[in-house]
Amino acid sequence: MEQEKPKHVNALDAMVQDRQLQMMKTAVPYMNPSSQGIFAFFIKFMELKRTMSVFGGGSNSIQMCSAPETAEPLAIQLLSTMLDFSTEQERENIDMLLNYVQMFSGDGGLFT
């Protein structure tokens, strides 16, 4: 059976979370209030354990290696990705930054 990923997942979460952890997080508000804290702690502990496993060797790092090669500057890629997690006001600010970066990222620009 194919595992579905949430629509908006950042690189770190994609590495340390899975569908089961997401389902467990979804269950927390429906639990008895006396159990919520310990269960939430357990979920965060599992994420920390997976994070330590991923980065424990020292050679792992999060990179845009899975993203297609593009001539687009990294600053534009980063800001564009942040739009997925932003509020309307933050989107307006990011759009303004994107326009600024694009304006100055031509040949010899600051962000190329």
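This note goes through the salt bridges, one buried glutamate, a surface patch and helix α5 of a predicted model.

1. Salt bridges overall. Four salt bridges are counted in the model. Side chains of opposite charge can pair when their charged atoms come close. The pairs discussed below include two that join separate parts of the chain and one that lies within a single helix, and they are taken in turn.

2. D18 and R50. A salt bridge joins D18 to R50, with 3.0 Å between the closest N and O atoms. Since D18 sits in the loop between α1 (11–16) and α2 (19–27) while R50 belongs to helix α3, this pair ties together parts that lie 32 residues apart in sequence. Neither partner is classed as buried: D18 is partly exposed, with a relative accessible area of 21%, and R50 is likewise partly exposed, at 26%. The value for D18 should be read with the cut-off in mind, because buried means under 20% relative accessible area.

3. K25 and E47. The side chains of K25 and E47 also meet in a salt bridge, at 2.6 Å from N to O. Here K25 is placed in helix α2 and E47 in helix α3, so the pair ties together parts that are 22 residues apart in sequence. The two partners fall into separate classes of accessibility, in that K25 is partly exposed, with a relative accessible area of 27%, whereas E47 counts as buried at 10%. The pair also belongs to a wider arrangement, as K25, K44 and E47 are linked in a network of salt bridges.

4. The setting of E47. A colleague may ask which residues E47 touches, leaving aside those up to four places away in sequence. They are V16, Q17, L21 and K25, and the last of these is the salt-bridge partner described above. E47 itself is found in helix α3, which runs over residues 33–55, and its classification as buried follows from a relative accessible area of 10%, because the cut-off for that class is under 20%.

5. A nonpolar surface patch. I38, F41 and F45 form a nonpolar patch on the surface, and together they have about 360 Å² of accessible area. Of these residues, F41 lies in helix α3 and counts as exposed, with a relative accessibility of 56%. The helix that holds the buried E47 therefore also holds the exposed F41.

6. Geometry of helix α5. Helix α5 comprises 17 residues (88–104), which at 1.5 Å a residue should span 24 Å, and the distance of 25 Å between its end C-alpha atoms agrees with that expectation. Within this helix, E88 forms a salt bridge with R91, the closest N and O atoms being 3.1 Å apart. The two residues are three places apart in α5, and therefore about one helical turn separates them. R91 counts as partly exposed, with a relative accessibility of 30%.

7. The two faces of helix α5. Where do the buried residues of α5, namely I94, L98 and V101, lie around the helix? They cover an arc of only 70° around the axis, and therefore lie on the same side of α5. These buried residues pack against α4 (74–82), while the face turned away from the buried side carries the exposed residues M96, N99 and M103.

Note on methods:
Residues are numbered from 1 along each chain as its sequence is written. This is a predicted model: local features need pLDDT of at least 70, side-chain atom pairs count only at pLDDT 80 or more; totals for chains, interfaces and linings use all residues. Side-chain values use heavy atoms; hydrogens and water are left out. Helices (H or I, at least four residues) and strands (E, at least two) are DSSP runs, numbered from the N terminus. Buried means under 20% relative accessible area, exposed over 50%, partly exposed in between (1.4 Å probe, protein chains only). Contact means heavy atoms within 4.5 Å. Patches are made of residues with over 30% relative accessible area and no salt bridge: like charges are joined within 9 Å, nonpolar side chains (Val, Leu, Ile, Met, Phe, Trp, Tyr) within 5 Å. Accessible areas come from the Shrake-Rupley method with a 1.4 Å probe; for residues, only the protein chains shown count as cover. The expected span of a helix is 1.5 Å times one less than its number of residues. The arc is that of the directions from the helix axis to the C-beta atoms.
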